Amino acid sequence: MSALLELENVSRTYGGGLFSRRQVMAVNDVSLRLEEGRPEIFTVVGESGSGKTTLARMILNMVPPSAGTIRFQGTDLATVRAAAERLAFMRKVQPIFQNPFEAFNPMKRVDRYLFATARRMADVQGDAAITEAADAALKSVGLSLAEVRGRFPHQLSGGQLQRVAIARALISRPALLVADEPVSMIDASLRASIVNLLRELRDRNGLTIIYITHDLATAYYVSDRIIIMRRGSVVESGDARTVLDNPQHPYSQLLKSSVLSPEVPTGVSHA
Ligand code: ADP
Ligand code: MG
């Protein structure tokens, strides 16, 4: 099998220059490999500050690694520089962010945004074809163009807008979605349906999805494989059920026990 995505000893440091105080190792020597033609949900779990977003940004080619190599379909991302190459890469690897309200221009109707994406990211031409592309993308996330037509972002719920964001990401027919905490800003009651949508996209559209979360419950439910990060390093990895049913690393055990106990009294008053 050939690799869809391959990270070899990837690290990223921040600071430590002439004018900054301390160097932070945001991501430390991470290697992983996702196969072409094997759709899966590959989950990255870790507490806040463990390096998840930095890892996502490097995979999205928004931030270069300080060391190591990232290849997508065999191409080293460090060589993806020219505008045309960057566009081709963006079509194949699409982000989903935590806050859908930040992902959209508040002054722009969401249907217009989808139409613009169809033109720019999928080369769709002509009003009828553009409308059709937007509607098809919306239908694959359980919405329709009729439901969002003429709406501004704030006229939709967070859950609806995150679905529109996912629809937008699908228009260019990507091979990989990188979803950085896509449900943590969404109402708890709607999270399951969005997480279920990720599973549907894996099964129906054959998408590989990197699902980033600090939430072990959704991770357990949705993941095929998982890595657990702590302070930039991968402390445990493997088949998701195997890892989460029987964590080996003390940190993974701690993470699991802290999730499963309902309220740990800390003695700290929040009054
Ligand atoms: P997570 O997404 O798991 O919360 P991040 O990747 O955002 O983790 O952050 C990992 C570490 O890198 C943190 O210590 C954070 O403060 C630091 N960091 C992230 N981005 C930057 C940046 N642009 N400049 C300086 N430090 C950063
Ligand atoms: Mg983050």
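When I speak of a polar contact today, I mean a pair of N or O atoms within 3.5 Å. With that in hand, let me take you through this structure, which is a predicted model, and begin at the ligand.

An oxygen atom of ligand 1 lies 2.6 Å from an N or O atom in the side chain of Thr 54, and this pair therefore falls within the 3.5 Å limit for a polar contact. The backbone takes part as well: a backbone N or O atom of Gly 49 is 2.6 Å from an oxygen atom of the ligand, and a polar backbone atom of Ser 50 is 3.1 Å from an oxygen atom of ligand 1. Taken alone, ligand 1 exposes 560 Å², of which the protein buries 58%.

Who else stands around the ligand? The residues surrounding ligand 1 include Tyr 14, Val 24, Ala 26, Glu 47 and Lys 52, and by class the shell holds 3 nonpolar, 6 polar and 2 charged residues. The elements that give two or more residues to this shell are β2 and α1, and α1 gives the most, with 3 residues.

That brings me to the sheet, in which 4 strands are arranged in the order β2-β1-β4-β5, forming an open sheet with antiparallel pairing. Its edge strands are β2, residues 24–35, and β5, residues 75–76, each of which pairs on one side only. Strand β4, residues 67–72, pairs with β5 over 2 bridges, in the antiparallel sense, and Phe 72 stands opposite Thr 75 in β5. Helix α1, residues 52–59, packs on this sheet and touches β1, β2 and β4, while its direction makes about 125° with that of β1.

Conventions: Residues numbered from 1 in each chain as written. Chains lettered and ligands numbered in written order. Predicted model: local features only at pLDDT ≥ 70, side-chain atom pairs only at ≥ 80, totals over all residues. Heavy atoms only, no water. Pairing = 2+ DSSP bridges. Contact = heavy atoms within 4.5 Å. Axes fitted to C-alpha atoms, helices over the stretch in contact; angles between N-to-C directions. Near = heavy atom within 4 Å. Polar contact = N/O pair within 3.5 Å; in protein donor to acceptor, adjacent residues only side chain to side chain. Areas by Shrake-Rupley, 256 points an atom, 1.4 Å probe, with all protein chains shown as cover. Nonpolar A, V, L, I, M, F, W, Y, C, P; charged D, E, K, R; others polar.
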